[in-house]
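Welcome, and please load the model in your viewer. We will go from stop to stop, with a selection to make at each one.

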Amino acid sequence: KLNIYKSNLEIFENKKVLITGGCGSIGGNLVLILSKIKGIKIFIVDINEYNTFGLLNLNIDHKYLKKINIQNINIENKSEIISYIKTIKPHYVFNTAAVKHVKLIEENPLRAIKTNIIGTANVLQGSSEANVKGFIHVSTDKAAEPINLLGITKKISELISRQYSKKTNMKV
C-alpha cells in the first residue's frame with residue numbers, strides 16, 4: 001500500500017509526479033503541498049485555462065514555479081494522455097481530474113461518464129504502460145453507496161482502479 005501522509009512526503013523527493021486536474025480544488029492544493037518537496041518535478045494536466053492561470057499567478061510561491069510544468073490536455077483524449085504519460089515517465093500519478101458537481105452532471109451525464117470513467121481508465125492505462133510506481137485515485141464519499149450519477153461514475157472509476165492494482169505492478 002502507498003503511504004502518502006504528510007509525515008511520509010519524502011517518498012516524493014527527487015521524483016516526477018503527474019497530477020491530473022492539478023489546477024482544481026484538490027489537485028491545486030496537492031500542488032501547493034508537493035511543490036515544497038526537495039527535487040520534485042510536478043507535471044500538471046488540466047483543461048481549465050482559468051484555473052491554470054490562477055494557480056500559476058496567484059497561489060504558487062515563485063521560487064517553486066520552476067518545479068512545475070502544466071499541459072492543457074483532456075484525459076478523455078486517450079492517445080494524447082497516454083502519449084504524454086509515456087513521454088514524461090512519472091514515478092507517481094495523482095488522478096484528481098473529475099466532473100464533480102451533481103447538478104451539472106445530471107444535466108450532462110455524458111460529460112461525467114467521459115471524464116470520471118473513461119478519462120480515469122485512460123490515465124490508468126498510460127500509467128501502467130509508463131511503469132508508474134504508484135497511482136493515487138481521488139474519489140468521493142458519494143461512491144460508497146451511490147444514489148446519483150456522480151457517485152455511480154466515481155464508484156466505477158474506483159472499480160477500474162482496483163482492477164489495475166490486480167493486473168499490474170503499479171501500486172494503486
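## Starting at the surface

Select E107 first: this residue is exposed, because its relative accessible area is 54%, over the 50% cut-off. Keep in mind as you look around that this is a predicted model.

Now add K103 to the selection. E107 and K103 form a salt bridge, and their closest N and O atoms lie 2.4 Å apart. Both belong to helix α4 (residues 102-107), where a spacing of 4 residues separates them by about one helical turn. K103 is exposed too, with a relative accessible area of 59%.

## Two bridges that link distant parts of the chain

How many salt bridges does the structure hold? There are 3, so two stops remain on this theme.Select E76 and R111 next. These two residues form a salt bridge, with 2.4 Å between the closest N and O atoms. E76 sits in the loop between β3 and α3 (78-88), R111 sits in helix α5 (residues 109-129), and the pair, 35 residues apart, links distant parts of the chain. Is E76 buried or exposed? E76 counts as buried, because its relative accessibility is 19%, and buried means under 20%. R111 is partly exposed, with a relative accessible area of 32%.

Stay with helix α5 and select E129, together with K86. Their side chains meet in a salt bridge of 3.2 Å, N to O. This pair also links distant parts of the chain: E129 is in helix α5 and K86 is in helix α3, 43 residues apart. E129 is partly exposed at a relative accessible area of 38%, and K86 is partly exposed at 36%.

## The sheet

Switch to a cartoon view and select the strands. They form an open sheet of 5 strands in the order β3-β2-β1-β4-β5, with parallel pairing. Which strands are at the edges? They are β3 (68-71) and β5 (134-137), each pairing on one side only. Look at how the strands are turned: neighbours in this sheet differ by 15 degrees on average, direction ignored.

Zoom in on β2 (residues 41-45) and β3, which pair in the parallel sense over 4 bridges. Select F43 here, and you will find N69 of β3 standing opposite.

## A helix across the strands

Now show helix α1, residues 25-34. This helix lies across β1 (16-20), β2, β3 and β4 (92-95). Its direction is at about 160 degrees to β1.

## Stepping back

Zoom out and colour by secondary structure. The protein has 6 helices and 5 strands. If you trace the chain along the sequence, you meet them in the pattern β-α-β-α-β-α-β-α-α-β-α.

For the overall dimensions, the C-alpha atoms fill a box of roughly 45 × 35 × 35 Å along the principal axes. The radius of gyration is 15 Å, which agrees with the value near 16 Å for a compact globule of 172 residues.

Contacts offer another view of the fold. Among contacts with a separation of 6 or more, 73% are between residues 24 or more positions apart.

Finish with a surface representation. The accessible surface comes to about 9,200 Å², and carbon and sulfur atoms account for 53% of that area. Of the 172 residues, 45% count as buried.

Note on methods
Residues numbered from 1 in each chain as written. Predicted model: local features only at pLDDT ≥ 70, side-chain atom pairs only at ≥ 80, totals over all residues. Heavy atoms only, no water. Pairing = 2+ DSSP bridges. Helix = DSSP H or I, 4+ residues; strand = E, 2+ residues; numbered from the N terminus. Axes fitted to C-alpha atoms, helices over the stretch in contact; angles between N-to-C directions. Contact = heavy atoms within 4.5 Å. Rg over C-alpha atoms; globule rule 2.2 N^0.38 Å. Buried < 20%, exposed > 50% of the residue type's maximum accessible area, 1.4 Å probe, protein only. Areas by Shrake-Rupley, 256 points an atom, 1.4 Å probe, with all protein chains shown as cover. Salt bridge = Lys/Arg side-chain N within 4 Å of Asp/Glu carboxyl O.
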